[in-house]
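Here is a brief report on one molecular structure. It moves from a helix pair to the sheet, the domains and the RNA.

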Amino acid sequence: MKDFSYTLIRKDPHSNARLGEMNVFGKKVKTPVFMPVGTQATVKFLSPEELKEIGSQIVLANTYHLWLRPGEDIVREAGGIHRFMNYDGPMLTDSGGFQVFSLSDTRKIKEEGVYFRSNLDGTALFLSPEKSIQIQEAIGADIIMSFDECIPYPADYAYTKDSTERTLRWARRGREVHSRNDQALFGIVQGGEYEDLRRYCAKELVKMDFDGYSIGGTSVGEDKPTMYRMIEYAVKDLPEDKPRYLMGVGTVYDLLEGIERGIDMFDCVLPTRIARHGTLMTSQGRINIKRQIYRNDFTPLDPECDCIACRQYTRAYLHHLFRCNEGFGMRLLSIHNLRFLLHLTEQAREALANDRFKEFKEEIYARYQYDERGF
RNA sequence: GGAGGGGUAGCGAAGUGGCUAAACGCGGGUGACUGUAAAUCAUCUCCCAUCGGGUUCGGCAGUUCGAAUCUGUCCCCCUCCA
């Protein structure tokens with residue numbers, strides 16, 4: 001019996017939103033949760049201590065990148081990913097499926113797996129469902145993902161159907177070789193924009209009985225209504241007693257809309273990436289700290305935020321750091337953006353506990369000025 | 001005083017008769033970024049403007065159909081020798 005479970009604490013009376021808690025092999029994770037992304041066994045610019053300080057409960061790492069460098073054997077030799085990066089909280093690895101989609105235009109998707117080339121040196125590589133699971137077992141995260149194909153958008157029905165069926169076969173193959181009892185394995189719902197395919201995929205995965213279910217293939221160029229529909233389709237047939245993870249999503253709007261539709265877990269590089277590029281998410285909307293109007297703005301980044309960057313530094317100072325291309329500026333903004341989203345999910349959980357999620361969402365929307373991109 | 005080198009857009013620096021409003025870099029403006037090939041990328045940066053037009057390459061005067069590019073002269077800067 002795996003020491004992994006999801007407990008539904010409270011259902012929102014007005015939507016599909018859920019307040020819950022995951023037991024991840026003895027470690028608790030309150031949901032809905034936002035998970036910072038630490039692709040190469042580090043959340044860029046942040047230490048594990050800082051992650052805890054800002055309220056991060058669980059972080060991601062990436063199978064593909066760690067497989068290439070330093071190699072999963074090194075991570076295993078280090079005693080697993082937690083010891084390797086000195087992070088003792090829960091961890092999750094993505095399967096590498098997304099990299100197949102994102103970093104190779106010369107990939108060949110076959111039934112047995114995917115042939116493609118290394119982004120580092122062009123070496124010919126092959127990744128399969130079995131191999132992905134083996135690597136993830138060696139890396140040793142608490143939660144691991146099935147190897148899937150992230151279908152691009154738009155994709156026609158025929159292709160989406162073939163791909164989704166292949167992803168299902170891959171999910172089964174991965175499930176069969178997964179052997180660690182101290183790791184949870186999630187299946188990934190694909191199916192593109194098509195309701196019948198998303199529902200079919202979800203139902204088939206549920207038959208295989210995974211520890212949790214991810215929703216993939218969203219936020220790949222589709223418009224918001226389409227994306228939200230995909231989520232609705234995918235969630236429809238998922239069991240209540242298992243966590244649902246919307247992969248790669250992390251704008252303010254998407255988080256709230258996802259939660260409302262029954263999502264428990266999110267991850268996204270957006271907060272850390274835009275932070276490194278000088279953009280921050282604030283309670284007043286988005287700010288590009290590099291703009292010249294902040295040159296002599298000695299107010300806090302976000303007056304309502306409790307993070308160290310907002311408490312101790314001014315916009316003018318951050319503006320200056322970005323002008324000088326100083327890493328400290330990227331670090332402070334990364335801390336802030338993560339804290340901002342983490343705080344947002346904390347507020348959402350509190351609202352759920354009080355049966356007022358809808359009101360909370362409306363408050364955010366009414367008060368804050370986000371644009372159509374959602375942050 | 002003598003010999004040599006040089007003055008190009010905010011800065012640095014190419015160009016050495018037409019394809020040049022003038023490469024490139026920096027600086028500056030603006031934008032993008034959603035399971036991280038991303039401290040990255042795109043775009044603008046003489047002036048006015050929608051096409052398009054108007055002024056430029058230290059100053060002035062020339063040569064030429066045509067000059068940042070050739071000639072004369074003046075101004076300024078640098079190096080070496082006295």
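Helix H8 passes helix H9 in a right-handed crossing. This is a predicted model. The axes of H8 (residues 195–208) and H9 (residues 224–236) come within 7 Å and cross at roughly 35°. From H8, the contact is made by Glu195, Arg198, Arg199 and Ala202. H9 answers with Met230, Tyr233, Ala234 and Lys236. By class, the residues of this contact are four nonpolar and four charged, with no polar residue.

Next, the sheet. Strands of a sheet pair through backbone hydrogen bonds, either parallel or antiparallel. Here eight strands form an open sheet, and the pairing is parallel. The order is E4-E14-E13-E12-E11-E10-E6-E5. E4 and strand E5 (59–62) are the edge strands, each pairing on one side only. From one strand to the next, the twist averages 25°. Within the sheet, strand E12 (residues 212–215) pairs with strand E13 (residues 244–246) over three bridges, in the parallel sense. Ser214 has Tyr245 of E13 as its bridge partner.

Now the domains. Chain A is assigned domain 1 (4–268) and domain 2 (275–366). Their centres, taken over C-alpha atoms, are 27 Å apart. Contact between them involves 25 residues of domain 1 and 24 residues of domain 2. On the side of domain 1 that touches domain 2, strand E4 (33–36) and helix H10 (252–260) each supply at least two residues. H10 gives the most to that side, with five residues. E4 thus appears twice in this account: as an edge strand of the sheet and as a supplier of residues to the side of domain 1 that touches domain 2.

Last comes the RNA. Around RNA strand B there are 46 residues, of which Asn119, Cys150, Ser219, Gly248 and Val269 come nearest. Five elements are named as giving two or more residues to this surface: E5, helix H5 (97–102), strand E14 (265–268), helix H11 (270–276) and helix H14 (327–353). E5 and E14 are also strands of the open sheet.

The table sets out the residue classes of the three surfaces.

| Surface | Nonpolar | Polar | Charged |
|---|---|---|---|
| Contact of H8 with H9 | four residues | no residues | four residues |
| Side of domain 1 that touches domain 2 | 14 residues | five residues | six residues |
| Surface near RNA strand B | 15 residues | 21 residues | 10 residues |

Notes: Residues are numbered from 1 along each chain as its sequence is written. Chains are lettered from A and ligands numbered from 1 in the order in which they are written. This is a predicted model: local features need pLDDT of at least 70, side-chain atom pairs count only at pLDDT 80 or more; totals for chains, interfaces and linings use all residues. Domain bounds come from an automatic or database domain assignment. Two residues are in contact if their C-beta atoms, placed from the backbone, lie within 7 Å. Helices (H or I, at least four residues) and strands (E, at least two) are DSSP runs, numbered from the N terminus. Ala, Val, Leu, Ile, Met, Phe, Trp, Tyr, Cys and Pro count as nonpolar, Asp, Glu, Lys and Arg as charged, and the others, Gly among them, as polar. Axes are lines fitted to C-alpha atoms, for helices over the stretch in contact, and angles run from 0 to 180 degrees between N-to-C directions. A crossing is left-handed if the near helix is turned anticlockwise from the far one by less than a right angle, and right-handed if clockwise. Two strands pair if DSSP finds at least two bridges between them. A residue is near a molecule or strand if its C-beta atom, placed from the backbone, lies within 6 Å of it.
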